[in-house]
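Let's take a walk through a model of protein and DNA, one piece at a time. Keep the picture open while you read.

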There are 2 protein chains.
Amino acid sequence: MDKSLSESLLQQLKESFFSGELLPGTELVSQRRMSESKGLSRSTVREAIGQLEAEGYVEVRHGGKTRVKNLLEPYFNMPIEGVSALGDNVDFQRQVMDVRAMLEGEAAFYAATRATDAQLQALDAEYQRMQKRGQGETTLEKAKDDLRFHMMIAESSHHLLIICFSQLFYTRFFNAIYGVLTRTLQKYGRYPDGIRSQHGAIHQAIMAREAENARTAATEHILYTRRHLDE
Amino acid sequence: MDKSLSESLLQQLKESFFSGELLPGTELVSQRRMSESKGLSRSTVREAIGQLEAEGYVEVRHGGKTRVKNLLEPYFNMPIEGVSALGDNVDFQRQVMDVRAMLEGEAAFYAATRATDAQLQALDAEYQRMQKRGQGETTLEKAKDDLRFHMMIAESSHHLLIICFSQLFYTRFFNAIYGVLTRTLQKYGRYPDGIRSQHGAIHQAIMAREAENARTAATEHILYTRRHLDE
DNA sequence: ACTGCTAACTGGTCTGACCAAGTGGCACGG
DNA sequence: CCGTGCCACTTGGTCAGACCAGTTAGCAGT
């Protein structure tokens, strides 16, 4: 097993966390002391600790001690490494919404054209269910409902590539999408009215099999939400 | 805004990443050169690049260059096997063209809005070069020219997700795209006239920074080719 | 007991050196 | 002519030791 020194130190430290040797809240020994005890240079130790910090295992403050964070934390905001960090980036959120606008417009277009009657019926049922609930839900549940609705549309498009990409996109970038909703709610205190009526417009256009209208409504729906990021 | 040097360098690099200045697949300058140009020590540069790596933005190999990663790549392992076989499947070709129509429309839209002057100039040069050659090329070379032209547009969009998706899409489904061209040539014996003028329209709209026209022209261009697959 | 200074920590950055792993060019031999 | 292998050069990885910059604990003076 050939690894770089800093890498194997990193792994060694992680194992100490998982074994319970280093409990959350405790303090790491200083970089100098660790470099002595491990027989490595301080640069190498810093490299490893820097990675630990980036992955959310420890919290390091200039001048203060380095503290071990709660072990479960990294798992909550890390459905997929790296991308999670992007969830809070407004620029990235904007980009995600741009792609959603494009993707869902196309999906709605093809759904209006090619959905089976059974799919239309299922879509209608899901829409009615969404309308009925509405109020008493958490932000997270709303986000999930929203994605489920849009994913049903994508599936109704009968377009392999669009379905594949939608699936991938919604699962991987759920954090960013959820972040947009959270940010919007923080700013307005509630679900913007537009969204409800826009969902209605999409639903209606697909039901009536009006492809162009469906595309326009779906695109406009996402861009409406996106605009709230700009203010 | 008080930040550590490595942290602000990290942020600066991320911004270059999102702005399209650092495209996926390109190589970072070496740590030594970067430390010179930024007026920082190599340690600090290493710190920042280490974070970038931990967050999945770049891939660094001992002894080799550091490459910017395509952030969609890990998730793009769709029905890869048999994709080459699918290259001849008309239904699949149609789907690929549908997605191209969507993708290139958006790319052209954002390129018209956000391309730098240098990018416009490069795009213009590439367009002129395409016009000059034209005749004496093989089908394969034409397909490559076409994709290079469209890829330049995608890169000029400064839209990270669109760039990533385009890169992967064009490489993975090149066979299908090439297949469409081959099929068209077999049927008509030559490059349809429409394509030449359509490239011209796209080129002109982007140069004039007319975003909506660029989108329409690019979409129509792909759908025109797609229509040749029908009947 | 409170206050405020200071000294001894902590992490952050710098320098310049050397090691180790890829890369590319060039001369040699087929 | 092409392939092959060597070698110099570039890249990232590690090291040592120094100094800067926040943090903190303890001690002195009130």
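Start with DNA strand C: 24 residues are around it, and Arg32(A), Arg42(A), Arg46(A), Leu5(B) and Thr44(B) come nearest. A residue counts as near a molecule or strand if one of its heavy atoms lies within 4 Å of it. Of the strand C atoms that come within 4 Å of the protein, sugar and phosphate account for 58%.

Before going further, a word on the ground rules: this is a predicted model, where local features need pLDDT of at least 70, side-chain atom pairs count only at pLDDT 80 or more, and totals for chains, interfaces and linings use all residues. Residues are numbered from 1 along each chain as its sequence is written, chains are lettered from A and ligands numbered from 1 in the order in which they are written, and side-chain values use heavy atoms, with hydrogens and water left out.

Which part of DNA strand C is 3.1 Å from an N or O atom in the side chain of His62(B)? It's a base nitrogen. That is a polar contact (a pair of N or O atoms within 3.5 Å; within protein, one must be able to donate a hydrogen and the other to accept it, and residues adjacent in sequence count only if both atoms are side-chain atoms). The side chain of Arg61(B) instead has an N or O atom 3.4 Å from a phosphate oxygen of strand C. Gly63(A) uses a polar backbone atom, 3.4 Å from a sugar or linking oxygen of strand C.

Now hop over to DNA strand D, which is surrounded by 25 residues, with Leu5(A), Thr44(A), Arg32(B), Arg33(B) and Arg42(B) the closest. Here 59% of the strand D atoms within 4 Å of the protein belong to sugar or phosphate, and the rest to bases. Look at the phosphate oxygens: one is 2.6 Å from a polar backbone atom of Leu5(A). A polar side-chain atom of Arg33(B) lies 2.8 Å from a phosphate oxygen of strand D, and for a backbone N or O atom of Gln31(B) the distance to a phosphate oxygen is 3.0 Å. By class, the surface near strand D has 3 nonpolar, 14 polar and 8 charged residues. (Ala, Val, Leu, Ile, Met, Phe, Trp, Tyr, Cys and Pro count as nonpolar, Asp, Glu, Lys and Arg as charged, and the others, Gly among them, as polar.) For strand C, the split is 3 nonpolar, 13 polar and 8 charged.
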